[in-house]
Amino acid sequence: NKYFAAKQFENALKCYSSAIDLNPRSTKVFGNRSVVYLKLGRTADAVADAMVCVKQKPQWVKGHLRVGDAQLAAGRIDRAIKSYREGTLSAI
C-alpha cells in the first residue's frame, strides 16, 4: 500500500502479486492489484482481477466498483454500467 500511495505502481504490483501467491483468497488484494493494473494501463488484467473479487465475494460492493472502473477504462461502457448497477443491488 505504501508503494501505491507513493505512485510506485510497478513495485506495488510486485507486492500485491506476492501477497496473492501467499493467499489467493484475499479479495482485497485482488481489488488493490486491479487498481494498480488500471494505473499501468493494463485494463484486461484489471478486469480479470476485479472479476475474481466479484466471484469470491458477490456481495462486496467494491468488487463491482472495480469491475465497472476497469470496464470503463477499457471503453466497455455498457458493461461498466451493468457492473455499477450490480454493485448497487448487492448493497441492498
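**Exercise 1.** In this predicted model, work out how far apart in helix α6 glutamate 86 and lysine 82 are, and why they are separated by about one helical turn.

*Solution.* Begin with the helix: α6 covers residues 77-90, and because glutamate 86 and lysine 82 are 4 residues apart in it, about one helical turn separates them. Next, look at the side chains, where glutamate 86 forms a salt bridge with lysine 82 and the closest N and O atoms are 3.6 Å apart. Finally, consider exposure: lysine 82 has a relative accessible area of 52% and is therefore exposed, while glutamate 86, at 33% relative accessibility, counts as partly exposed.

**Exercise 2.** Determine which residue forms a salt bridge with aspartate 49, and whether aspartate 49 is buried or exposed.

*Solution.* The search of the whole structure finds 3 salt bridges, and one of them joins aspartate 49 to arginine 33, with the closest N and O atoms 2.5 Å apart. This pair links distant parts of the chain, since aspartate 49 lies in helix α4 and arginine 33 in helix α3, 16 residues apart. As a last step, check the surroundings: aspartate 49 and arginine 33 are both buried.

**Exercise 3.** Find which elements give two or more residues to the largest nonpolar core, and which residues valine 36 is in contact with, leaving aside its neighbours within four places in sequence.

*Solution.* The largest nonpolar core has 13 residues, and Tyr16 and Val36 have the most contacts inside it. The elements in question are α2 (9-22), α3 (27-39) and α4 (43-56), of which α2 gives the most, with 5 residues. With those sequence neighbours left aside, valine 36 is in contact with Phe4, Phe9, Ala12, Leu13 and Tyr16.

Key. Residues are numbered from 1 along each chain as its sequence is written. This is a predicted model: local features need pLDDT of at least 70, side-chain atom pairs count only at pLDDT 80 or more; totals for chains, interfaces and linings use all residues. Side-chain values use heavy atoms; hydrogens and water are left out. A nonpolar core is a set of buried Ala, Val, Leu, Ile, Met, Phe, Trp, Tyr and Cys residues joined through side-chain atoms within 4.5 Å. Buried means under 20% relative accessible area, exposed over 50%, partly exposed in between (1.4 Å probe, protein chains only). Contact means heavy atoms within 4.5 Å. A salt bridge is a side-chain nitrogen of Lys or Arg within 4 Å of a carboxyl oxygen of Asp or Glu.
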